[in-house]
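Thanks for coming, everyone. Let me put the structure on the screen and walk you through it.

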Amino acid sequence: MAHRKIWKSILAKKLICPAFKSYEADPAKIRVFDATHELTRSDGRIKMAGIGWSLRDTEVPVENHIYKGRIDDVFARENEILLVEYVSSIYPDIFKLVDAGISGAHFRFELGEDVKTAVVSRGGITEVPDFLVETIRETIESYTYIQDLGEEALIEYANPASGFCNYCSNDLCDRNRAIRNRQPALA
Ligand code: SF4
């Protein structure tokens with residue numbers, strides 16, 4: 001079955017819960033998100049320069065037959081290349097680390113470039129470990145098989161995400177209903 005390309009950030013969420021569905025974001029929230037993201041980027045660039053990294057490229061496309069997206073910034077220091085995503089929170093959520101890890105896996109395994117990947121937040125620089133980048137690559141290979149399951153099968157077998165469900169619009173999911181009703185999530 002042919003699959004539509006999805007945004008890398010949505011794929012990151014689907015790798016954590018394959019039953020995840022994206023949602024229509026509030027335009028006002030998107031504007032605030034974009035503004036805080038750019039503030040974090042300028043602050044992050046200063047931090048990176050302070051430890052010897054120089055900016056090499058920005059908004060670099062990452063795309064294959066499954067996903068499409070961009071890397072916020074690419075830095076170089078001596079022989080090292082570092083891919084950087086920014087988040088305006090104090091620490092990155094797990095899905096942001098996975099999002100950055102998809103970029104790392106893309107560069108390392110599809111383009112054959114020896115890169116490191118990190119998320120820069122207000123709390124500092126969090127490097128995505130190599131084992132997570134490798135696991136992400138393997139998980140993406142399983143992803144298309146899982147996405148061919150029907151919607152009910154996805155809900156029954158593929159919604160393991162706890163502590164992650166704030167932004168999902170999947171009305172079939174009991175966990176989502178519990179969150180919306182502000183009741184304790186189902187085990
Ligand atoms: S609400 Fe359900 S479908 Fe959505 S991310 Fe959480 S577990 Fe997955």
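What pattern does the protein chain follow, read along the sequence? It goes β-α-α-β-β-β-α-β-β-α-α-α. That makes six helices and six strands. Keep in mind that this is a predicted model.

Overall shape next. The C-alpha atoms fill a box of roughly 50 × 35 × 25 Å along the principal axes. The radius of gyration is 17 Å, and a compact globule of 187 residues would have one near 16 Å, so the two agree. Of those 187 residues, 31% count as buried. Now the contacts between residues at least 6 apart in sequence. Of these, 62% join residues at least 24 apart.

On to the strands. β2 covers residues 54–63, and β3 covers residues 67–77. They pair in the antiparallel sense, over eight bridges. Together they form a hairpin, with three residues between them. If you want a landmark there, take threonine 58, which stands opposite aspartate 73 in β3.

β4 and β5 are another pair. These two run parallel, joined by five bridges. Glutamate 85 has valine 119 in β5 as its bridge partner. Is β5 largely enclosed or open? Five of its six residues are buried, so β5 is largely enclosed by the rest of the structure.

Just ahead of β5 comes a contrast. Aspartate 114 sits in the loop between α3 and β5. Aspartate 114 counts as exposed because it has 9 C-beta neighbours inside 10 Å, and the cut-off for exposed is 12 or fewer. Its C-alpha atom is 9.7 Å from that of asparagine 79, which is 35 residues away along the chain.

Now the inside. In soluble globular proteins, nonpolar side chains tend to be buried together. Here, the largest nonpolar core has 28 residues. Which of them touch the most other members? They are Val84, Val98, Ile102, Ala118, Val119 and Ile136. Several elements each supply at least two residues of this core: α1, β3, β4, α3, β5 and α4. The largest share comes from α3, with seven residues.

Take valine 98 as an example. Setting aside residues up to four places away in sequence, valine 98 touches Ala12, Leu15, Ile16 and Ile136.

There is also a second, separate core. It has seven residues, among them Cys17, Ala19, Leu154 and Cys173. I will come back to those names.

First, a look at α1, residues 8–16. Its buried residues are Lys8, Leu11, Ala12, Lys13, Lys14 and Leu15. Note the three lysines in that list: Lys8, Lys13 and Lys14. What do the buried residues of α1 pack against? They pack against β1, β2, β3, α3 and α4.

Back to the second core, starting with alanine 19. Alanine 19 lies in the loop between α1 and α2. Is alanine 19 buried or exposed? With 24 other C-beta atoms within 10 Å, alanine 19 is buried. Leaving aside neighbours within four places in sequence, its contacts are Leu154, Ile155, Ala158, Asn159, Asn170 and Cys173. Alanine 19 and glutamate 156 are 137 residues apart in sequence, but 9.1 Å apart in space, C-alpha to C-alpha.

Now the other side of that contact. Leucine 154 is in helix α5, residues 151–157. Leucine 154 counts as buried because it has 22 C-beta neighbours inside 10 Å, and the cut-off for buried is 20 or more. Outside its neighbours within four places, leucine 154 is in contact with Pro18, Ala19 and Leu149. For a sense of scale, compare tryptophan 53. Its C-alpha atom is 43 Å from that of leucine 154, and the two are 101 residues apart along the chain.

Last stop, the ligand. How many residues surround the ligand? Twelve do, and the closest are Cys17, Cys165, Cys168, Cys173 and Asn176. Cys17 and Cys173 you have already met, in the second core. By type, the shell divides into eight nonpolar residues, three polar and one charged.

That is the tour. Questions, please.

Conventions:
Residues numbered from 1 in each chain as written. Predicted model: local features only at pLDDT ≥ 70, side-chain atom pairs only at ≥ 80, totals over all residues. Near = placed C-beta within 6 Å. Nonpolar A, V, L, I, M, F, W, Y, C, P; charged D, E, K, R; others polar. Helix = DSSP H or I, 4+ residues; strand = E, 2+ residues; numbered from the N terminus. Rg over C-alpha atoms; globule rule 2.2 N^0.38 Å. Contact = placed C-beta atoms within 7 Å. Pairing = 2+ DSSP bridges. Core = buried A, V, L, I, M, F, W, Y, C linked by C-beta atoms within 7 Å.
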